[in-house]
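Visitor: Please take one part of this structure and look at it closely. I am new to it, so explain the terms as you go.

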Amino acid sequence: MKLRNDVRLEQNLSDIKSRFFTNISHELRTPLTLILGGIEEISRKIPEGGDAEYSVNIVQRNAKRMMTLVNQLLDIRTIVNGKMRLKVSYFDVVKMVQGVYDDFRDMSVERQMELRMIKSVDSLMIWGDSLRIEALVYNLLSNAFKYTSDGGKIEVGILYREGESDFRIMVKDNGIGVPEDKRESIFEPFTKGDDAFKGMASSG
């Protein structure tokens, strides 16, 4: 009986957390959508090549980054309920990874970090869920910046050899890293390390 009650309580708490994240995410999406719309309107009216264009691009990239994070929060409930559905399309994964890389370039400048992108091909069309893959790359790069000190180095790469059936997306940094005995844990949902293991965090 106690075990059943504990399981029921844990499920209720999980449902409450899930609803909380969903409600907050919906509340954030509306102002973010309006902000992005306003930024796009401004960007069409300002002259190219000036300081104003640079500033608007920074705001636009960071607003898009926030929207990506909000969309990840909205995914939590569907993941918990086992109702996540892939939205498969045919897209250029190199272009997608390049876009995520570009979103982090300003942060690397501010923190005096060396951010490099390595790609073995200029274009690679694949079938997949572009939003899920984009969220994955965002998460990997976010963690790399989080656990790498100012002045450090981060590389993001997409590697493919002609004729092969698969490709590889790589994010590498010179941060504190993941201890060997903890590496299997990075595949566990919502895993986060303690102070001695800050290099490992996964979004699930």
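Guide: What follows is a walk from one residue out to the sheet around it.

This is a predicted model, in which local features need pLDDT of at least 70 and side-chain atom pairs count only at pLDDT 80 or more, while totals for chains, interfaces and linings use all residues. Residues are numbered from 1 along each chain as its sequence is written, and side-chain values use heavy atoms, with hydrogens and water left out.

The starting point is lysine 172, which belongs to strand 5 (residues 168-173). Strands here are DSSP runs of E with at least two residues, helices are runs of H or I with at least four residues, and both are numbered from the N terminus. Lysine 172 counts as partly exposed because its relative accessibility is 46%; buried means under 20% relative accessible area, exposed means over 50%, and partly exposed lies in between (1.4 Å probe, protein chains only).

Setting aside neighbours within four places in sequence, lysine 172 is in contact with Lys153, Ile154 and Glu155, where contact means heavy atoms within 4.5 Å. Of these, isoleucine 154 is 18 residues away in sequence, yet the C-alpha to C-alpha distance to lysine 172 is 5.7 Å.

Next comes strand 4 (residues 153-159), which is largely enclosed by the rest of the structure because five of its seven residues are buried. Strand 4 and strand 5 run antiparallel and are joined by six bridges; two strands pair if DSSP finds at least two bridges between them. One such bridge links leucine 159 to arginine 168 in strand 5.

Strand 4 also pairs with strand 2 (residues 114-119), in the parallel sense and over six bridges. Here glutamate 114 stands opposite lysine 153 of strand 4, and isoleucine 118 stands opposite glycine 157 of strand 4.

Together the three strands form an open sheet in the order 2-4-5, with mixed pairing. Strand 2 and strand 5 are the edge strands, each pairing on one side only. From one strand to the next, the twist averages 10°.

Two helices lie across strand 2, strand 4 and strand 5. Helix 3 (residues 93-103) runs at about 175° to strand 2, and helix 5 (residues 130-146) runs at about 15° to strand 5. Axes are lines fitted to C-alpha atoms, for helices over the stretch in contact, and angles run from 0 to 180 degrees between N-to-C directions.
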